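Welcome! Take a moment to look over the sequence and the 3D view, and then let us walk through them together.

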Amino acid sequence: MNRFKAQLVGGLFICLLLSLKLCAQVVMSVQVPPAGIIQQSQLWNMVLTNSYASPVMVTVMMRLSDAGTGQPVLTGLSRTIELAGGARQLHLNDVSPVAWEYLSTVADRRENALLPPGRYVACYSAVVSGSKADNPVTEDCVNFIVEPVSPPLLNTPVNNDLVEAPQPQFTWIPP
């Protein structure tokens, strides 16, 4: 009978731990475009969902690396954000000020600067205040490609056209 009680208590304890883990979590969904011309500020477009019973304080860490070489490009650490129950759409203004660390030769270090062309991996970690910093609540990584900006294209007159007007009007298709 003692063995049965020990198994029952052990089973209840495991069920209790599993139920706590399942109901208490923060889920992250990063919304970086998969390709195109991307600004550094777009790296902070995400949805955080809090399924805790009460509001939690969350800090988000972001690490951007070159997808081909694995070399780190930059990291960012958000301010602490109060996350009420449910989903919350976040942008750069919601997480500012961001503590940036530039780990490569990024030409423009403004928050709304364009990222240089290349293939990247951005990995995110969200940590609830009061938990261990090395034990993030949620993590997410996304791959994306930054395409080079094309030059403007001449729309009219057509390329190599002969124009007889002394002051021709040119129209361009922007990059």
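## Who touches whom

Contact here means that heavy atoms lie within 4.5 Å of each other. Keep in mind that this is a predicted model. With that in hand, which residues are in contact with threonine 138, leaving aside its neighbours within four places in sequence? The partners are Val26, Val27, Met28, Tyr124, Ser125 and Ala126. Threonine 138 belongs to strand β10, and it is buried, with a relative accessible area of 11%.

Next door is valine 137, which sits in the loop between β9 and β10. Valine 137 counts as partly exposed, at 28% relative accessibility. Not counting residues up to four places away in sequence, valine 137 touches Val26, Ala126, Val127 and Val128. Valine 137 and valine 26 are 111 residues apart in sequence, yet their C-alpha atoms are 6.3 Å apart in space.

## The overall plan

Now let us step back to the whole chain. The protein has 175 residues, and 29% of them are buried. It contains 2 helices and 12 strands, and along the sequence they follow the pattern α-β-β-β-β-β-β-β-α-β-β-β-β-β.

How much of the contact picture links residues 24 or more positions apart? Among the contacts with a separation of 6 or more, such residues account for 59%. As for the outside, the protein exposes about 11,300 Å², and carbon and sulfur atoms supply 58% of that area.

## Strand β9 and its partners

Strand β9 is a good place to linger. It covers residues 118–128, and it is mostly covered, with 8 of its 11 residues buried. Which strands pair with β9 in the antiparallel sense? One is strand β4, made of residues 56–66, which pairs with β9 over 9 bridges. Another is β10, which runs antiparallel to β9 and is joined to it by 9 bridges.

You can find individual partners in the 3D view. On the β4 side, leucine 64 stands opposite alanine 122 of β9. Toward β10, tyrosine 120 has phenylalanine 144 as its bridge partner. As you trace these strands, remember a general point: in a regular strand the side chains alternate between the two faces of the sheet.

## The disulfide

The structure holds 1 disulfide. In general, a disulfide is a covalent bond between the sulfur atoms of two cysteines. In this model the bond joins cysteine 123 to cysteine 141, with an S to S distance of 2.1 Å. Cysteine 123 lies in strand β9 and cysteine 141 in strand β10 (residues 138–146), so the pair ties together parts that are 18 residues apart in sequence.

Why is the disulfide called right-handed? The torsion about its S-S bond is about 115°, so the disulfide is right-handed. Are its two cysteines buried or exposed? Cysteine 123 is buried, with a relative accessible area of 16%, whereas cysteine 141 is partly exposed, at 46%.

## Prolines to look for

Most peptide bonds are trans. Where are the cis peptide bonds to look at here? One joins serine 96 and proline 97, with omega at about 5°. Proline 97 sits in the loop between α2 (92–95) and β8 (99–102). Another runs from threonine 156 to proline 157, with omega near -5°, and proline 157 has its place in the loop between β11 and β12 (171–173).

Proline 116 deserves a visit too. It lies in the loop between β8 and β9 and is partly exposed, with a relative accessible area of 30%. The C-alpha atoms of proline 116 and isoleucine 38 are separated by 8.7 Å, while the two residues are 78 residues apart along the chain.

## A patch on the surface

Our tour ends on the outside. Which residues form a nonpolar patch on the surface? They are Ile37, Leu114 and Val149, and together they have about 260 Å² of accessible area.

Valine 149 is a handy landmark for finding the patch. It is found in the loop between β10 and β11 (153–156). With a relative accessible area of 48%, valine 149 is partly exposed.

Methods. Residues are numbered from 1 along each chain as its sequence is written. This is a predicted model: local features need pLDDT of at least 70, side-chain atom pairs count only at pLDDT 80 or more; totals for chains, interfaces and linings use all residues. Side-chain values use heavy atoms; hydrogens and water are left out. A disulfide is a pair of cysteine sulfur atoms within 2.5 Å. Helices (H or I, at least four residues) and strands (E, at least two) are DSSP runs, numbered from the N terminus. Buried means under 20% relative accessible area, exposed over 50%, partly exposed in between (1.4 Å probe, protein chains only). Two strands pair if DSSP finds at least two bridges between them. Patches are made of residues with over 30% relative accessible area and no salt bridge: like charges are joined within 9 Å, nonpolar side chains (Val, Leu, Ile, Met, Phe, Trp, Tyr) within 5 Å. Accessible areas come from the Shrake-Rupley method with a 1.4 Å probe; for residues, only the protein chains shown count as cover. A salt bridge is a side-chain nitrogen of Lys or Arg within 4 Å of a carboxyl oxygen of Asp or Glu.
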